[in-house]
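Trainee: Could you walk me through this one? I have it open, and I'd like to start with the helices.

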Amino acid sequence: MEFTDLIKIKKIENVRCLLDAFQEAPSGPGVLSVSAHVLCFESKNAKLQLLNGLVDTITINGTNCTIFSKDFQQITLIIENKDEICLLVETLNCLSNLDDIELTLPFYCKPKTKGLNYQVYNELLELEWLEFPPNSSWDISKANLHFKITECYAEYLVIPKGWEDVMLKLSECRSQGMTPKPTFLYKHPIHGKCMVIVAGTPVKTPTLQYRLLDKEYKDLDTLYMQSVVECTGRAALVSESLLKDKLNKREYEKWHHLKLHLPPDALKVYISEMTKKETWVSGNKKWLDLVWFFLCSTDTLITYITEFGRSLLIEVYPRILSSLLQICMESRYRTLYGLLTSIIRKDWLHSGYNFRHESADNSCSEFLLFLHALRQLTLWYPSSFQYTAEFLAELHTHSNSSRYGDFVCNTEAECRDYDAAHRTVSLWEGRFADGEWDVKSVNPGYRPSETILRPWVFAPYSVQDWASVFLRHRTIDREREKVGKRRFVLHAKHKAMSEE
């Protein structure tokens, strides 16, 4: 496929542009050009460059063509010729929905690099640091070697002993092949070792292939769940609701049920409602309610582990809940090194998160929701995190920018297929490997502490908007920020002069 076949129109003249939803008057007439990777606009008083991959949705209203980007930018192009509008929309839809990584990302092909971020994380060393396997009932298996079972997990899995031969068949029982997998271990002073286990939701209708091969297929997941609860001892199931299917009823008999009061598609519904409005996400109470829900759920999970001594099997939103839970309970994950090389790679890159097709109006915005909740924790405990809210905002930017190779692929298997470790620069290699720490990324007041952090469930109104992410492209807010910085500088100068 060639780009010349996809680009229906390369240049449009006499285009006026509104770079902000709050901009009162459009810019003067300019030239809009479309290349293989970038949408460019330039006039006497305005300039725009937007990666085609950042285009999220496009709406047409008369001569106005409004583009909503994945980084929350709203651009309105005023084009008098309706035929040119149709050709532009067709071109952007084609260029923004390419699935070939080498065609989609303009910065993909790089010189040979050290691939540091891909080497500093070692699956076996991580399991050894977490003290897996926790007891003789578990084993580290190579069943997923070369990603034979699922691409959503690493190659080494911690599973109950005796189950390695049926893992491929068992993966058909869970969405995305995500069988229950331990990801964190906590040593309870009374009840011993408690594990955090993540899994995909059970599949109600197995594939016909395995139903014909094994008549006991319907009981396979049930038996495995019973084996997991026997190996963990005290365990709780974290799900949105109990299954009513008779085939899976026995699966939950030995589990303590911890129900989270949020339907599984609520995140998708909430975001799709909010992105249709001019306010987008920030300032919308429903989005803040979601952030508050996940923080409260994290606090509930911490209670079940630290006070009740229960292991947890998380079936609903496993990436968000397990990541927040580990960060709150383990100080290692509150450092830049732990966040980038462990949490992001273990719970997001290795679990099949759709970074490349992340959108502002679908359930793939889980990563943004996780970062927003983590940013709120940094506000509650400012001295407990080595990274700052500015770094988290930058992390969201780079998850869409294609500048670093950490986020160009959706799975670890895909990264290996495209040799991303040698053809791209990782975020860790590009920013922190040389020991040069960015002032904006590192918290100067950071004080390492082994204390378990508990979200402030008693202060729901303390959850704040994230203006540096959602409002960064709005002119009125940028001007206010500049005025605030000028006032701060003048106040500091006045104070220094008065002291002299």
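Mentor: Let us fix one term before anything else: a helix here is a DSSP run of H or I with at least four residues, and helices are numbered from the N terminus. Please also keep in mind that this is a predicted model.

Trainee: Okay, so how many helices and strands does the protein have?
Mentor: The protein has 19 helices and 14 strands. Of its 500 residues, 54% count as buried, and among the contacts with a separation of 6 or more, 68% are between residues 24 or more positions apart.

Trainee: I clicked on Thr298; which helix is that in?
Mentor: Thr298 is found in helix H10, which covers residues 285-306.

Trainee: And is Thr298 buried or exposed?
Mentor: Thr298 counts as buried, because its relative accessibility is 1% and the cut-off for buried is under 20%.

Trainee: What does Thr298 touch, leaving aside its neighbours within four places in sequence?
Mentor: With those neighbours set aside, Thr298 is in contact with Leu321, Leu324, Leu325, Cys328 and Pro455. Leu321, Leu324, Leu325 and Cys328 are also listed among the buried residues of H11, so that helix deserves a look.

Trainee: Fine, H11 then. How many of its residues are buried?
Mentor: Twelve of the twelve residues of H11 are buried, and the helix is mostly covered. From its first C-alpha to its last, H11 reaches 16 Å, close to the 16 Å expected at 1.5 Å a residue.

Trainee: What do people quote when two helices pack together?
Mentor: Two packed helices are described by the angle between their axes and the distance between those axes. For H11 (residues 318-329) and H12 (residues 336-349), the angle is about 150 degrees and the axes are 10 Å apart. That angle makes H11 roughly antiparallel to H12, since angles over 145 degrees count that way.

Trainee: Which residues of H11 and H12 meet?
Mentor: On the H11 side they are Arg319, Ile320, Ser322, Ser323, Gln326 and Ile327, and on the H12 side they are Leu339, Ile343, Lys346, Asp347 and Trp348. By class, this contact of H11 with H12 has five nonpolar, three polar and three charged residues. The crossing of the two helices, H11 and H12, is right-handed.

Trainee: What about H11 and H13, at what angle do their axes cross?
Mentor: The axes of H11 and H13 cross at roughly 25 degrees and come within 10 Å. H11 and H13 are therefore roughly parallel to each other, and H11 passes H13 in a right-handed crossing.

Trainee: Which residues meet there, in H11 and H13?
Mentor: Arg319, Ile320, Ser323, Leu324, Ile327 and Cys328 in H11 meet Glu366, Leu369, Phe370, Ala373, Leu374 and Leu377 in H13. The contact of H11 with H13 divides into nine nonpolar, one polar and two charged residues.

Trainee: Let me pick Leu369; is it buried or exposed?
Mentor: Leu369, which lies in helix H13, counts as buried at 1% relative accessibility. Leu369 and Trp287 are 82 residues apart in sequence, and in space their C-alpha atoms are 8.6 Å apart.

Trainee: Changing topic, what can you tell me about H14?
Mentor: H14 (residues 389-401) has 13 residues and reaches 18 Å from its first C-alpha to its last, close to the 18 Å expected at 1.5 Å a residue. Ten of the 13 residues of H14 are buried, so the helix is largely enclosed by the rest of the structure. After H14 comes Ser402, whose phi is positive, near 65 degrees.

Trainee: What do the buried residues of H14 pack against?
Mentor: They pack against strand S4 (47-51), H12, helix H13 (366-380), helix H17 (427-431) and helix H18 (467-470).

Trainee: H12 again! How far apart are the axes of H12 and H14?
Mentor: The axes of H12 and H14 are 12 Å apart, and the two helices pack at an angle of about 35 degrees. Leu336, Leu339, Leu340 and Ile344 in H12 meet Phe391, Leu392 and Leu395 in H14. By class, the contact of H12 with H14 has seven nonpolar, no polar and no charged residues.

Conventions
Residues numbered from 1 in each chain as written. Predicted model: local features only at pLDDT ≥ 70, side-chain atom pairs only at ≥ 80, totals over all residues. Heavy atoms only, no water. Axes fitted to C-alpha atoms, helices over the stretch in contact; angles between N-to-C directions. Parallel < 35°, antiparallel > 145°, perpendicular 65-115°, else oblique. Left-handed = near helix turned anticlockwise from the far one by under 90°. Contact = heavy atoms within 4.5 Å. Nonpolar A, V, L, I, M, F, W, Y, C, P; charged D, E, K, R; others polar. Expected span 1.5 Å × (residues − 1). Buried < 20%, exposed > 50% of the residue type's maximum accessible area, 1.4 Å probe, protein only.
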